[in-house]
Amino acid sequence: MNKILIVEDEVAIAELEKDYLELSGFEVEVANDGEVGLTKALSGDYDLFILDLMLPGVDGFEICRQIRDKMNTPILMVSAKKDDIDKIRGLGLGADDYLTKPFSPSELVARVKAHLSRYDRLTGSAAEANRVIEIRGLKIDTTARRVWVNGEEKTFTTKEFDLLTFLASHPNHVYSKEELFREIWDMESIGDIATVTVHIKKIREKIEMDTSNPQYIETIWGVGYRFKV
Ligand code: CA
């Protein structure tokens with residue numbers, strides 16, 4: 001559940017905002033002065049902030065500035081004066097949105113939802129960045145460096161994994177042993193192209209049902225290997 005902090009000194013307005021947001025399924029906390037609001041905000045425990053501008057103690061400008069120093073959590077600034085809104089925009093404090101009082105609670109809820117989903121998309125895309133290759137029963141998580149064959153996880157050495165991933169990332173492309181050796185092992189490394197053959201054999205033992213009739217890594221006689229799709 002998304003958690004929202006409202007920093008607002010007018011208790012009736014704060015309660016109204018809280019009620020509407022809770023009805024929309026959000027968890028809401030209220031701080032009625034700037035000091036408390038700032039301390040709570042910096043705890044990092046919230047998914048969105050609604051900040052009134054004029055507050056006793058620390059004002060909304062300062063809270064906004066200090067939040068932005070530390071985190072990218074969405075901030076909605078609220079003010080009774082249109083002039084103030086223009087002023088905050090001009091200051092470039094990094095607030096995501098501005099509302100002039102009085103506003104309708106449904107307008108507030110709509111804006112909150114829009115900013116949360118935008119923020120979730122941004123952070124979510126980073127979290128889901130694992131690149132996964134799936135070909136028939138073979139699944140390679142190239143980010144986590146894990147491999148599954150028909151749902152069963154298999155362990156690979158670093159070079160076996162690199163070689164498998166390289167081939168699977170370039171399906172149907174035929175590579176010579178020399179090319180694969182250059183690609184996976186650096187030029188200085190001890191070894192020769194026979195190393196490639198040995199590694200291909202090890203990989204096949206892990207991913208192929210029948211190593212004499214490989215379904216994934218095919219030998220192209222006299223040339224090299226290709227990953228079949
Ligand atoms: Ca106020």
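In this predicted model, helix H6 (residues 158–169) and helix H8 cross at roughly 80°, their axes coming within 10 Å. That makes H6 and H8 roughly perpendicular to each other, since angles from 65 to 115 degrees are counted that way. On the H6 side, the contact is built from Lys-159, Glu-160, Leu-163, Leu-164 and Leu-167. These residues meet Val-196, His-199, Ile-200, Lys-202, Ile-203, Lys-206 and Ile-207 of H8. Sorted by class, the contact of H6 with H8 comes out at 7 nonpolar, 4 charged and 1 polar.

H8 (residues 193–207) also packs against helix H7 (residues 177–184), here at an angle of about 85° and with the axes 8 Å apart. H7 is therefore roughly perpendicular to H8. Lys-177, Glu-178, Leu-180 and Phe-181 are what H7 brings to this contact, while H8 supplies Ile-193, Thr-195, Val-196 and Thr-197. The tally for H7 with H8 is 4 nonpolar, 2 polar and 2 charged residues. Val-196 of H8 turns up in the contact with H7 and again in the contact with H6.

Aromatic pairs come next, and the count for the model is 4. One of them joins Phe-166 and Tyr-175, with ring centres 4.9 Å apart and planes at 55°, so this pair is tilted. Both partners are tucked away: Phe-166 is buried at a relative accessible area of 13%, and Tyr-175 is buried at 9%. Another pair brings together Phe-181 and Trp-185, whose ring centres lie 5.5 Å apart. Their planes are at 15°, so Phe-181 and Trp-185 count as stacked. Phe-181, already met in the contact of H7 with H8, is buried at 11% relative accessibility. Its ring partner Trp-185 is buried too, with a relative accessible area of 8%.

Just past H8, Glu-208 sits in the loop that leads to strand S11 (217–220). Despite being a charged residue by class, Glu-208 counts as buried, because its relative accessibility is 8% and the limit for buried is under 20%. Setting aside neighbours within four places in sequence, Glu-208 is in contact with Pro-214, Gln-215, Tyr-216 and Ile-217. Cys-64 is a long way off by comparison: 144 residues along the chain separate Cys-64 from Glu-208, and their C-alpha atoms are 57 Å apart.

The metal site is a calcium ion, coordinated by Asp-9 (OD), Asp-52 (OD) and Met-54 (O) at 2.1 to 2.3 Å. In sequence, these donor residues follow the spacing D-x42-D-x1-M. Asp-52 is buried, with a relative accessible area of 3%, whereas Met-54 is partly exposed at 45%.

Leu-53 lies in the loop between strand S3 (48–52) and helix H3 (60–70). Leu-53 counts as buried, with a relative accessibility of 0%. Beyond its neighbours within four places in sequence, Leu-53 is in contact with Asp-59, Gly-60, Phe-61, Met-77, Val-78, Ser-79, Asp-84 and Ile-88. Asp-19, by contrast, is 34 residues away in sequence, with 21 Å between its C-alpha and that of Leu-53.

A few spots in the backbone deserve a mention. Most residues other than glycine have a negative phi, and most peptide bonds are trans. The bond from Lys-101 to Pro-102 is cis, with omega near -5°. Pro-102 falls in the loop between strand S5 (97–100) and helix H5 (105–127).

Two arginines have a positive phi. For Arg-136 the value is about 50°, although the residue is not a glycine. Arg-136 belongs to the loop between strand S6 (132–135) and strand S7 (138–141), and counts as partly exposed at 49% relative accessibility. For Arg-145 phi is near 55°, again a positive value in a residue other than glycine. Arg-145 is found in the loop between S7 and strand S8 (146–149) and is also partly exposed, at 41% relative accessibility.

Definitions and conventions: Residues are numbered from 1 along each chain as its sequence is written. This is a predicted model: local features need pLDDT of at least 70, side-chain atom pairs count only at pLDDT 80 or more; totals for chains, interfaces and linings use all residues. Side-chain values use heavy atoms; hydrogens and water are left out. Axes are lines fitted to C-alpha atoms, for helices over the stretch in contact, and angles run from 0 to 180 degrees between N-to-C directions. Helices (H or I, at least four residues) and strands (E, at least two) are DSSP runs, numbered from the N terminus. Angles under 35 degrees count as roughly parallel, over 145 as roughly antiparallel, 65 to 115 as roughly perpendicular and the rest as oblique. Contact means heavy atoms within 4.5 Å. Donors are N, O and S atoms within 2.8 Å of the metal (3.2 Å for Na, K and Ca); water is not among the atoms, so sites may look incomplete. Buried means under 20% relative accessible area, exposed over 50%, partly exposed in between (1.4 Å probe, protein chains only). Rings of Phe, Tyr and Trp (its six-membered ring) pair if their centres lie within 6.5 Å; planes under 30 degrees apart count as stacked, over 60 as edge-to-face and the rest as tilted.
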